[in-house]
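Dear colleague,

I am passing on the structure below, together with some notes on how the protein and the DNA meet. Please read the notes with the structure open beside them.

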There are 2 protein chains.
Amino acid sequence: MRIGELSERSGLSRDAIRFYERIGLVGSHRSPNGYRDFPESALPWLHYVRTAQRLGFSLAEIADHAADLRDSDDAAAALSALFAEKVAIVDARMAELAALRSELVERAGTGCPLRPDAPGTARAVADSPPKPVLPLR
Amino acid sequence: MRIGELSERSGLSRDAIRFYERIGLVGSHRSPNGYRDFPESALPWLHYVRTAQRLGFSLAEIADHAADLRDSDDAAAALSALFAEKVAIVDARMAELAALRSELVERAGTGCPLRPDAPGTARAVADSPPKPVLPLR
DNA sequence: GTAAACCGTGGAGTGCGCTCCAAGTTCAAG
DNA sequence: CTTGAACTTGGAGCGCACTCCACGGTTTAC
């Protein structure tokens, strides 16, 4: 599969895919004409990459883990270990979120304890540009 | 409270705090000598900022929400809405994590369906530097 | 009084994860 | 044979969230 098709099917830009290849996150053969030729398996792999990334893993971490897998004698065992590790991380993140959630719910009930500044004081912030200085996305 | 104390008590660097002030995330008065003077309330506020940030909210979003609060007629109502919104986001993220979790667990059980490349092929990646090109943190 | 610690500003630099661009192939359709 | 889409490389640039640095003023401790 060439990069355009992979791009369309994965939802990633060509540039992003080329970038991923540069950092070793996806592999590809080259056709005689020099075009990248991706295997079918690149598609689920990219999907996994995006998922892991969205959940807070850096590309470097993901690439690192993939490299661990490749270098491992016992791929199955390494894979299990990696997944177990990721599940633990995911569990920890979920716990954090649950904590924030209840914190939020609790505060939502109890008035207004959350302010960038002391109550009733003139806010220095309001004197600077009314909107945040950095561009909002 | 001056910036050094706030830094130590919050665990944030002075530079980070100054940066937050620049983008309107924290307010401060200035003492006659020009030094920043932060209210006690800056401490829990920074704590909140860090938590929200760690959970995936950008500083711009956090500042934005804080601004919404300030501009609101009915601060209590706005706060409740904001919190409800964040709880929903948190819930969505938790659901995603749960999905990834079960995906991981499932895959961990069933052999090795996760590869950057087709099995057994020479990997183009392996020809480039053996370790990922970008520095790992 | 002087040294050390602390504060200020401005500006440059960093790491990540891309995006955009220019200049040059390759290929398929008409 | 030409047109145009898709591909190649290399390099520049960007947004975010800082960090680091130089240079200078202020405060505190001895």
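In what follows, a residue counts as near a strand if one of its heavy atoms lies within 4 Å of that strand. Please keep in mind throughout that this is a predicted model.

I begin with DNA strand D, which is surrounded by 23 residues, the closest being R14(A), R36(A), S13(B), D15(B) and Y20(B). Of the atoms of DNA strand D that come within 4 Å of the protein, 76% belong to sugar or phosphate, and the rest belong to bases. Three contacts to phosphate oxygens of this strand can be named: a backbone N or O atom of G4(A) lies at 2.8 Å, an N or O atom in the side chain of S13(B) at 2.7 Å, and an N or O atom in the side chain of N33(B) at 3.1 Å. Two or more residues of the surface near DNA strand D come from each of helix 1 (3-10) and helix 2 of chain A, and likewise from each of helix 2, helix 3 (42-54) and helix 4 (59-71) of chain B. Helix 2 of chain B gives the largest share of that surface, with four residues. By class, the residues near DNA strand D are nine nonpolar, six polar and eight charged.

Turning to DNA strand C, I find 21 residues around it, with S13(A), D15(A), Q53(A), R14(B) and R36(B) as the closest. Sugar and phosphate make up 80% of the atoms of DNA strand C that lie within 4 Å of the protein. Here, too, contacts to phosphate oxygens can be listed: an N or O atom in the side chain of R36(B) is 2.5 Å from one, a polar side-chain atom of N33(A) is 2.9 Å from one, and a polar side-chain atom of R30(B) is 3.2 Å from one.

Which elements supply at least two residues each to the surface near DNA strand C? They are helix 2 (14-22) and helix 3 (42-54) of chain A, along with helix 1 (3-10) and helix 2 (14-22) of chain B. Among the contributors to this surface, helix 2 of chain A has the largest share, at four residues. The surface near DNA strand C divides into eight nonpolar, six polar and seven charged residues.

With best wishes

Notes:
Residues are numbered from 1 along each chain as its sequence is written. Chains are lettered from A and ligands numbered from 1 in the order in which they are written. This is a predicted model: local features need pLDDT of at least 70, side-chain atom pairs count only at pLDDT 80 or more; totals for chains, interfaces and linings use all residues. Side-chain values use heavy atoms; hydrogens and water are left out. A polar contact is a pair of N or O atoms within 3.5 Å; within protein, one must be able to donate a hydrogen and the other to accept it, and residues adjacent in sequence count only if both atoms are side-chain atoms. Ala, Val, Leu, Ile, Met, Phe, Trp, Tyr, Cys and Pro count as nonpolar, Asp, Glu, Lys and Arg as charged, and the others, Gly among them, as polar.
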